[in-house]
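Please walk through this structure with me. We take the ligand site and then the sheet.

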Amino acid sequence: MALVEIDHVTKRYDHLEVISDFSLDIEEHEVICLIGPSGCGKSTLLRCVNRLEEISSGEIRIHGDRITGPGVDLDRLRRDIGIVFQGYNLFPHMTVLENTILAPTKVLGMSRREAEEKAMAFLERIALTHKANDYPDRLSGGQQQRVAIVRALMMEPMLLLLDEITSALDPELVSEVLDIVRDLAAGGMTMILATHEMGFAREVADRICFLQAGKVYEQGPPADILGNPQGERTQAFLRSLR
Ligand code: ADP
Ligand code: MG
């Protein structure tokens with residue numbers, strides 16, 4: 001059974017159909033990159049998977065359990081599924097350490113001491129222990145995004161959703177964030193990424209899905225989708241990036 005099953009999902013905002021009868025299965029340890037023009041529904045899809053948005057019809061299952069519709073424990077769901085956005089991820093009035101220990105202490109009931117030890121171990125892995133007691137505005141955008149990823153990892157999610165996490169960064173800061181994602185992929189983390197970084201998608205993705213008007217227009221291994229796309233829309237999109 002796939003870890004995530006997105007099963008005939010449609011999402012409408014009023015009359016605008018943003019996700020259209022969309023189906024996609026994601027296997028455990030798989031890294032899927034969603035690509036496609038702005039407005040094609042990448043963010044909406046990710047937000048539906050952890051219920052920041054409600055779908056209009058269809059069903060999403062994790063490990064076979066329905067996570068859409070009524071009667072779902074949303075706290076539990078958001079513990080299991082981490083999400084990192086393009087920007088503004090950290091609470092500005094909390095230090096780096098406070099940001100990272102907030103959810104585990106509040107939601108999981110972890111002791112402050114245990115949470116701090118865990119956070120410091122993560123911060124060490126990304127070479128940011130020296131920033132632990134700083135406020136986010138003292139960090140570069142790349143450092144902030146790395147901390148945002150650590151904050152998501154503190155909950156030991158079974159699935160990580162990453163929505164254009166490098167789009168707001170200066171080019172020289174992109175690689176330090178992608179390095180972490182690369183490490184997570186190597187460690188077997190299941191991830192769905194919306195990204196414009198095609199070089200990175202080619203390297204890290206097991207599968208690339210090109211979205212067009214809320215549907216999977218074309219999908220396959222990176223070498224096929226990026227190197228030899230079959231669909232006219234995929235070809236045009238990739239040409240537009242060059
Ligand atoms: P992408 O992330 O691929 O750029 P989005 O998922 O953000 O695309 O947006 C898909 C479509 O949904 C766009 O047409 C966007 O304007 C629309 N949309 C997104 N969020 C909302 C919202 N809260 N209300 C109405 N329309 C929205
Ligand atoms: Mg988006």
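Start at ligand 1. Its surroundings consist of Y13, L16, V18, G36, S38, G39, C40, G41, K42, S43 and T44. Keep in mind that the model is predicted. Two elements give two or more residues each to this shell: strand β2, residues 16-26, and helix α1, residues 42-49. Which of the elements gives the most? Helix α1 does, with 3 residues. By character, the shell around ligand 1 splits into 6 polar residues, 4 nonpolar ones and 1 charged one.

Now turn to the sheet. This open sheet has 6 strands, and its pairing is mixed. Read across, the order is β6-β7-β8-β3-β9-β10. Which strands form the edges? They are β6, residues 81-84, and β10, residues 215-220. Each of these two pairs on one side only. On average, neighbouring strands of the sheet are turned by 20 degrees against each other, direction ignored.

Next, look at one pair within the sheet. Strand β3 covers residues 31-35, and strand β9 covers residues 207-212. In which sense do β3 and β9 pair, parallel or antiparallel? They run in the parallel sense, and the pairing extends over 4 bridges. To find the register, take C33: the residue opposite in β9 is I208.

Finally, add a helix. Helix α5, residues 141-153, packs on the sheet. There α5 touches the edge strand β6 and also β7, residues 159-163. The direction of α5 makes about 170 degrees with that of β6.

Conventions. Residues numbered from 1 in each chain as written. Chains lettered and ligands numbered in written order. Predicted model: local features only at pLDDT ≥ 70, side-chain atom pairs only at ≥ 80, totals over all residues. Pairing = 2+ DSSP bridges. Axes fitted to C-alpha atoms, helices over the stretch in contact; angles between N-to-C directions. Contact = placed C-beta atoms within 7 Å. Near = placed C-beta within 6 Å. Nonpolar A, V, L, I, M, F, W, Y, C, P; charged D, E, K, R; others polar.
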